[in-house]
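I opened the notebook to go through this chain piece by piece. I wanted the layout, the packing, and then a few single residues.

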Amino acid sequence: MSGQGWAGDSTPPHPSAPRPQKPSSLVRPYAVTGGRTAPRMKFAMEALVSSVTSEYQDISLLSPEYQAIIQLTRNVRSVAEISALLRQPLGVVRVLIADMASEGLIRVHQPALDAGKPDLNLLERVLSGLRRL
């Protein structure tokens, strides 16, 4: 089995051979949320999240996902940003954030949407930008 990279084989693998990929997460995203796909509370992906715990509070008893979110939200971040930084699907992160908010570990700051009406100034700026393209 020369050139296959088996243990005990002294020859390196062929340059065109596929390189081993980084090990994937041992826990699948749906397992982290207990199979739930809908968060307990509704919030936008641009909603801002901040940690309620202090820097000196022991968070070692929490799950690794909770610990990571708490560390990230020591600075205010959006739900979408947390999802991207954790490299987890947005739906999974929404479920985790909703659970953490209900437990009082983080605070979710919803954007003011004026009863669902779009911001006219923002729409005009977007339209102007599209016209410049």
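**Entry 1: a strand residue.** I started with Ser51, in a model that is predicted. Ser51 sits in strand 1, residues 48-51. Is Ser51 buried or exposed? I read a relative accessible area of 17% for Ser51, so it counts as buried, the cut-off being under 20%. I then listed what Ser51 touches, leaving out residues up to four places away in sequence. I found Ile70, Thr73, Arg74, Leu105 and Ile106.

**Entry 2: overall layout.** I stepped back to the whole chain. I counted five helices and three strands. From the N terminus on, I read the order as α-β-α-β-α-α-β-α. The chain has 133 residues, and buried ones make up 23% of them. I also checked the reach of the contacts. Taking those between residues at least 6 apart in sequence, I got 65% that join residues at least 24 apart.

**Entry 3: Thr73.** Thr73 had come up as a contact of Ser51, and I followed it. I placed Thr73 in the loop between helix 2 (64-72) and strand 2 (77-78). Thr73 has a relative accessible area of 1%, so I logged this loop residue as buried. Which residues does Thr73 touch, not counting those up to four places away in sequence? I noted Val49, Ser50, Ser51, Ile82 and Ile106.

**Entry 4: Val49.** Val49 was on the Thr73 list, and I ran the contact search from its side. I left aside neighbours within four places in sequence. Val49 is in contact with Thr73, Asn75, Val76, Arg77 and Val79, among others. The rest of the list is Ile82, Ile97, Ile106, Arg107 and His109.

**Entry 5: the core.** I looked at the largest nonpolar core, which holds 19 residues. Which of them touch the most other members? I got Phe43, Val49, Ile69, Val79, Ile82, Ile97 and Met100. Helix 2, helix 3, helix 4 and strand 3 (106-109) each supply at least two residues of this core. Helix 4 gives the most, with six residues.

**Entry 6: helix 2 against helix 3.** I fitted the pair next. The axes of helix 2 and helix 3 come within 11 Å and cross at roughly 125°. That angle makes helix 2 oblique to helix 3. I recorded the crossing as right-handed. From helix 2, Ala68, Ile69 and Leu72 make the contact. From helix 3, the partners are Ile82, Leu85 and Leu86. I sorted this contact by class and got six nonpolar, no polar and no charged residues.

**Entry 7: helix 3 against helix 4.** I repeated the check for helix 3 (residues 79-86) and helix 4 (residues 90-102). Their axes come within 9 Å and cross at roughly 115°. This crossing is right-handed. On the helix 3 side I listed Val79, Ala80, Ile82, Ser83 and Leu86. They meet Leu90, Val93, Arg94 and Ile97 in helix 4. By class, I have seven nonpolar, one polar and one charged residues here.

**Entry 8: the link between them.** I looked at Arg87, which lies in the loop between helix 3 and helix 4. Its phi is near 55°, a positive value in a residue other than glycine. Arg87 has a relative accessible area of 76%, so I marked it exposed.

**Entry 9: the loop before strand 1.** I picked two residues from the loop between helix 1 (29-32) and strand 1. Met45 is in that loop. Met45 has a relative accessible area of 41%, so I called it partly exposed. Met45 and Arg94 are 49 residues apart in sequence, yet I got 8.1 Å between them in space, C-alpha to C-alpha. Arg94 is also on the contact list of Met45. That list further has Ser78, Val79, Ala80 and Leu90, with residues up to four places away in sequence not counted.

Lys42 was my second pick, found between helix 1 and strand 1. Its relative accessible area is 70%, so Lys42 is exposed. I paired Lys42 with Ala98, 56 residues apart in sequence. C-alpha to C-alpha, I read 8.1 Å for this pair.

Terms used: Residues numbered from 1 in each chain as written. Predicted model: local features only at pLDDT ≥ 70, side-chain atom pairs only at ≥ 80, totals over all residues. Heavy atoms only, no water. Axes fitted to C-alpha atoms, helices over the stretch in contact; angles between N-to-C directions. Helix = DSSP H or I, 4+ residues; strand = E, 2+ residues; numbered from the N terminus. Left-handed = near helix turned anticlockwise from the far one by under 90°. Contact = heavy atoms within 4.5 Å. Nonpolar A, V, L, I, M, F, W, Y, C, P; charged D, E, K, R; others polar. Buried < 20%, exposed > 50% of the residue type's maximum accessible area, 1.4 Å probe, protein only. Core = buried A, V, L, I, M, F, W, Y, C linked by side-chain atoms within 4.5 Å. Parallel < 35°, antiparallel > 145°, perpendicular 65-115°, else oblique.
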